[in-house]
Amino acid sequence: MRRAVLFKSDRRFDSFRGKLEGYGVQCDVLDFSSQEWLEYDYSKTDILIYFPSFKYTSNHPLALYDVQDNLAHIHSMYPHLKMFPDAGIIRFYNDKYRQHLFLKARGYPIPESYPLFSRSSVGLAARKLGFPMVIKNRYGAGGDFVKKANSEKELIEFYRISTLDFFNPRGLRHFVKMLSRREFYYYLIKARRIAYPFFSPPLLAQKYVSHECDLKTVVGKFKVVEAHWRRKAGGDMWKVNIDGGGIGEWSYVPEEAIALSERLARDLDTLWLNIDLLFTGKDFLITEFSPVWHHYAFREKPSFVYKEDYNIPVPLEISLDLEKIIVESLLAETGSK
């Protein structure tokens, strides 16, 4: 009998447990909030699954320490474990700077970008990219910590905040803006914590590319198993995240995007990978990737669009059943299904 460890999480925990037990896997439940996981003997365990959520707002440097510290430690002690998220790319999870270094070094097509290491880097970015430009915080998810700089003054403001230099009018204005946002009060009242008010260096300054949509692909075992477009819902949108109002569309996916996604998964040697690709109208540029992804269930939202020319071989009824495809892939890796 195969054995699995499933860590408690705020999302998808019950579904993962049901899938594991449905396949006859003996499932032990652990919790990172207790001491028990430190003493547990993982040597006889085949599979480990943890679907993480952010401990704090996603831009906090330690928002994923359970993954980046605890799971990485378990993997180092028990490398035989088949894990989700994939332990081999945990170091990239939610870290846009590390992703940038990898993608640039391997020659992948990415938007023209400059890490803001110093004031000279700020000047270089201003000269090379022009305005407006996109400013990406090192950490963050869902597009919430991606900003637009419309002038060199705004660019300098973002850079100074990332260095904890708040002794200037523009830095103080950042806090005023934060206090005026509805999101601040959501975290304060609902979650009983404040949103993390800082940026983390180095910020990434990126060329602003006008686009109507982008593409998300999911690669499983080095093959694209699901992909969908995220389209603008209105002319005033410049980010197309679905949770931010974008429209999901399952339709024809160009072979160029499929090949690029599968190449990246092979280079990273990862079993599961989610990739964001910016479509310029002619080419695809990789903007970020992740070992964990979230998407909606098949036909969950009436606003989603499903077209007959969708060309990914795996049916959506299967590929959008996140827990099932992950559990089956991990069982296959252990030699049993």
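A residue is called buried here when its relative accessible area is under 20%, exposed when it is over 50%, and partly exposed in between, with a 1.4 Å probe and protein chains only. By that rule cysteine 27, at 15% relative accessibility, counts as buried, and cysteine 213 is buried as well, with a relative accessible area of 6%. A disulfide is taken to be a pair of cysteine sulfur atoms within 2.5 Å, and by this rule the count comes to zero disulfides.

The model is a predicted one, in which local features need pLDDT of at least 70 and side-chain atom pairs count only at pLDDT 80 or more, while totals for chains, interfaces and linings use all residues. Residues are numbered from 1 along each chain as its sequence is written, and side-chain values use heavy atoms, with hydrogens and water left out.

Helices (H or I, at least four residues) and strands (E, at least two) are DSSP runs numbered from the N terminus, and two strands are said to pair if DSSP finds at least two bridges between them. Strands of a sheet pair through backbone hydrogen bonds, either parallel or antiparallel.

A good place to begin is the sheet that contains cysteine 27. This open sheet has four strands in the order β2-β1-β3-β4, with parallel pairing. At its edges stand β2 and β4 (82-84), each with a single partner strand, so one side of each is left without a neighbour in the sheet. Neighbouring strands are turned by 15 degrees against each other on average, direction ignored, where axes are lines fitted to C-alpha atoms, for helices over the stretch in contact, and angles run from 0 to 180 degrees between N-to-C directions.

Within this sheet, β1 (residues 3-7) is joined by five bridges to β2 (residues 26-30), and the two run parallel; alanine 4 stands opposite cysteine 27 in β2. Between these strands the chain passes through helix α1 (residues 13-22), making a β-α-β crossover that is right-handed, a term that applies if, with the strands pointing away from the viewer, the path from the first strand over the helix to the second runs clockwise. Farther along the sheet, β3 and β4 run parallel and are joined by three bridges, with isoleucine 47 opposite lysine 82 in β4. Helix α11 packs on the sheet, touching β3 and β4, and its direction makes about 165 degrees with that of β4; contact here means heavy atoms within 4.5 Å.

Helix α1 lies across β1, β2 and β3, running at about 175 degrees to β1. Its residues Phe13, Phe16 and Leu20 are buried. Seen down the axis of α1, the buried residues fall within an arc of 70 degrees, so they line one face of the helix, the arc being that of the directions from the helix axis to the C-beta atoms. What covers these buried residues includes β1, β2, β3 (47-49) and α11 (322-333), whereas the face turned away from the buried side carries the exposed residues Asp14 and Gly22. After α1 comes glycine 24, whose phi is positive, near 75 degrees.

Which residues does threonine 45 touch, leaving aside those up to four places away in sequence? Threonine 45 sits in the loop between α2 (36-39) and β3 and is buried, with a relative accessible area of 1%; its contacts are Arg3, Ala4, Val5, Tyr40, His80 and Leu81.

A second open sheet is formed by six strands in the order β13-β12-β9-β10-β11-β14, and here the pairing is mixed. The edge strands are β13 and β14, each of which pairs on one side only. Seven bridges join β9 (residues 213-220) to β12 in antiparallel fashion, and the bridge partner of valine 219 is leucine 273 in β12. On to β13, β12 (residues 272-279) makes six bridges, again antiparallel, with isoleucine 275 opposite phenylalanine 289. The two strands β12 and β13 form a hairpin with four residues between them, and glycine 281 in the turn has a positive phi of about 105 degrees. Although β13 is an edge strand, five of its seven residues are buried, so it is largely enclosed by the rest of the structure.

The loop between β13 (284-290) and β14 (305-306) holds arginine 299, which is exposed, with a relative accessible area of 54%. From C-alpha to C-alpha, arginine 299 and arginine 91 are 33 Å apart in space, and they are 208 residues apart in sequence.
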